[in-house]
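Work through the exercises below with the model open beside you. Try each task before reading its solution.

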Amino acid sequence: MDVRSQIGMVFHLDKCIGCHTCSIACKNVWTDRPGTEYMWWNNVETKPGTGYPTRWEDQQAYKGGWETDGKNLRLKATGKARIIPNIFHNPSMPSMDDYYEPWTYRYGDLFNAPEGDDQPTAIPVSMVTGEPIAVEAGPNWDDDLGGSKVYARNDPNMEALSPEMRTQMFAIERLVFFYLPRICNHCLNPACVASCPSGALYKRGEDGIVLVNQERCRAWRACVSACPYKKVFYNWSTGKSEKCILCFPRIETGQAPACFHSCVGRIRYLGNVLYDADRITEIANLPDDQLVEAQRSIILDPNDPAVIEGARKNGIHESVIESAQRSPVWKFVRVWKIALPPHVEYRTFPMLFYVPPLLPVMSTTGQNGVIRSDLDEMFAQTEEARAPMAYLAKLLSGGNEGKLRYALKKQMAVRIARRHLTVGDATREQAESALRQADTTFEEADAIYRLTALATFDDRFVIPPSQREMAMEMLEDPHDRRAEAGFGFRAAPARGA
Amino acid sequence: MNGIHLFLFGVLPYLSVLIFLVVTIQRYRQQTFSYSSLSSQLLENRRHFWGSVPFHYGILLVLVGHVVAFLVPRAVLAWNGVPWRLYVLEGTALAAGLLTLFGIVQLLVRRASDRKTLKVTTPSDWVLYALLLVQVVTGILVAYMHGWGSSWFASALSPWLRSLVKLSPDVAGLATVPLMVKAHIVNAWLLILFFPFTRLVHVLVIPNPYLWRKPQLVVWNRPRGGREGA
């Protein structure tokens, strides 16, 4: 057992209102530099939809993630034998057209235009060439278009549905969509790191954050196609790959990352978990539908004395172990089992988990168009929810509908229990029956309700102390560095030739 | 005339190699950030394939041929002893040269015609394109006008190269070499001279360690007691 600490995340999709505040916070902090305008380290997409970059989940085209024959794990796109022949042209890399060409407007024209009969307009200009462009796509061009023929129907996850299910899903009275906010998953088995020919990408040992060493990156772009979530981006101006850094300068000083901090719906949770690094390769070779359970199994119980002992032996600080014990991620993923990893079948073991959305639970309306609210029926109908189980399972549980149903039923039971306690239209018996069927209790339901609905800042973000200052003191005397810049480039990231 | 001849074949080689070594090392130490090729595949994907792939495979083949010939001229002459083997060698070399030419023309057209790639093209890129184009065209012309170079180079060029290595340049033997061959040689030295100032430095950072490193790379801020790094 090799116990390591990893920062994990949970996004509660039932609470996401699709306001894009997270995306803007991230953009303003990190990606408003030349070459990064098209990047959205954090983006929010509408599902069903094609996403950003377009159809990123289509691994036939982009060849992201890992594949296994049951024994050997290898990268889909850039295995060692394939990296050399493809080094001059990456055949599975998205081009700017698959994202979008970033643009701004000539706002100055509004003020400087000569007096005339018409209102002056600000025309769009490309942020790459600086010339006027006809805007054809944007990062959230499929926003709210849950029934669109262009976007929703081309969602790669639709492959999991039969033609009948698809027709049903797009019937006008059954249209459904939800939001999927996405950032780098800081995976346990990152394909981007494994694909980098220069060894520029690495995983930080202490907290598992995945970073790109800008000095070592040589622009081979293997990571861009290897990441199945398309969360490594190529900066066309500096010729370096860049990605979400989980705001590590903020994490190291005990602050939540910008996208977490700014989340209006308070859907985001962050905390570390302890895991067994020795078993990653072993579980990565399991079949798709066993992966959710396997990933859970390598996340270790931070209250187990043997685990604590192993953590101490590996030099994990007491304060980090304590953080893991209070971690909301531990609760959502392992204790309550209602948070699921996105596309776990890519075998990178993402450490960002999603609580699946309950959505409009009713698949149909009753007589006179009145939405039925019979509690028993409501519970039974979880499975007939408007978003088909097969669709959600393809997205969130490697096709394992059982794991997904479990998470949805438990959430529904929590609602019924709350209605019993607050509204009063559900009887004690009804609530108990629902809780029993959902494998939960009043106590657990109360805990889920509190962390979901009432959680304060400190409940949602349990940030393990990084102890960077202690590490720094071993290398340098902090007094020598007093009044100097803290982090970042010592020289401007200019290329020259 | 003799002064220019001496400069081009007796001085320029040393000047080029000296600048190459000094600037390459200095740039690696001080500007590691710029030590790569600025890929523009993100901005333009389709033409990139038809330019980059033929160009790189072509020029690699040609380069390997040149290096082998310089290192073991005797072996090349022995191989050429039988006519059909000479034809195979020269045919392959010419084909590789034409492949390179096809690739570089594609790349040039792409650079010049696509608005986005034009934006990321620097003056040093244009100098490099010019040098490479001259090099490839003169190379192909030499093969066309003065055939069987893989046989005559040993008597015409090898003594001069050897004298350069021995630091006592003997440029007399080169006087009778055809003009096109001279142009090819001089341009080659110019390429080496400009090498460290251009994106060509990416040649020096080809990722060989990737082939035998472990897939995952974990960096620890603090040393872990006794445990292995990754």
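The exercises move from chain B as a whole to its helices, then to the two chains together and to chain A.

This is a predicted model: local features need pLDDT of at least 70, side-chain atom pairs count only at pLDDT 80 or more, and totals for chains, interfaces and linings use all residues. Residues are numbered from 1 along each chain as its sequence is written, while chains are lettered from A and ligands numbered from 1 in the order in which they are written.

**Exercise 1. Outline chain B and its confidence.**

Step 1. Count the elements. Chain B has nine helices and one strand (DSSP runs numbered from the N terminus: helices are H or I with at least four residues, strands are E with at least two). From the N terminus on, the order is α-α-α-α-α-α-α-α-α-β.

Step 2. Take the dimensions. The C-alpha trace of chain B spans about 65 × 45 × 40 Å along its principal axes.

Step 3. Check the confidence. Chain B has an average pLDDT of 90, and 96% of its residues score at least 70 (pLDDT is the predictor's confidence in each residue, from 0 to 100). Among the elements of chain B, α7(B) (residues 149-156) has the lowest mean, 83, and α9(B) (residues 179-194) the highest, 96.

Step 4. Find the weak stretch. Over residues 226-230 of chain B, pLDDT stays under 50. Where pLDDT is low, the predicted coordinates should not be read in detail.

**Exercise 2. Describe how α6(B) packs against α4(B) and α9(B).**

Step 1. Start with α4(B) (residues 83-113) and α6(B) (residues 123-145). They pack at an angle of about 150°, with axes 10 Å apart (axes are lines fitted to C-alpha atoms, for helices over the stretch in contact, and angles run from 0 to 180 degrees between N-to-C directions). α4(B) and α6(B) are therefore roughly antiparallel (over 145 degrees; under 35 is roughly parallel, 65 to 115 roughly perpendicular and the rest oblique).

Step 2. List the contact. Residues of α4(B) in it include Ala93(B), Gly97(B) and Leu101(B), and those of α6(B) include Tyr129(B), Leu133(B) and Val136(B) (contact: C-beta atoms, placed from the backbone, within 7 Å). The classes are 13 nonpolar, three polar and no charged residues (Ala, Val, Leu, Ile, Met, Phe, Trp, Tyr, Cys and Pro count as nonpolar, Asp, Glu, Lys and Arg as charged, and the others, Gly among them, as polar).

Step 3. Turn to α9(B). The axes of α6(B) and α9(B) come within 9 Å and cross at roughly 150°. This pair is therefore roughly antiparallel.

Step 4. Name the partners. Leu128(B), Leu131(B) and Gln135(B) are among the α6(B) residues that meet α9(B), whose side includes His184(B), Asn187(B) and Leu191(B). This contact has 14 nonpolar, five polar and no charged residues.

**Exercise 3. Trace where chain B meets chain A.**

Step 1. Count the residues. 45 residues of chain B are in contact with 39 residues of chain A.

Step 2. Find the contributors. α2 (46-71), α5 (115-119) and β1 (218-219) of chain B each supply at least two residues. α2(B) gives the most, with five. By class, the chain B side has 18 nonpolar, 19 polar and eight charged residues.

Step 3. Look at the strands. An open sheet of three strands runs β9(A)-β8(A)-β1(B), with mixed pairing (two strands pair if DSSP finds at least two bridges between them). β8(A) (residues 201-204) and β1(B) pair in the parallel sense over two bridges, and Lys203(A) stands opposite Val218(B). β8(A) and β9(A) run antiparallel, joined by three bridges; Leu201(A) has Val212(A) as its bridge partner.

Step 4. Read the complex scores. The predictor gives an ipTM of 0.90 and a pTM of 0.91.

**Exercise 4. Locate backbone features in the loops of chain A.**

Step 1. Look for cis peptide bonds. The bond from Lys47(A) to Pro48(A) is cis, with omega near -5°. Another cis bond joins Tyr52(A) and Pro53(A), with omega about -10°.

Step 2. Place them. Pro48(A) is in the loop between β2 (43-47) and α2 (59-62) of chain A. Pro53(A) lies in the loop between β2 and α2 of chain A.

Step 3. Check phi. Leu246(A) is not a glycine, yet its phi is positive, about 50°. Leu246(A) lies in the loop between β11 (240-243) and α8 (248-251) of chain A.

Technical notes. Two residues are in contact if their C-beta atoms, placed from the backbone, lie within 7 Å.
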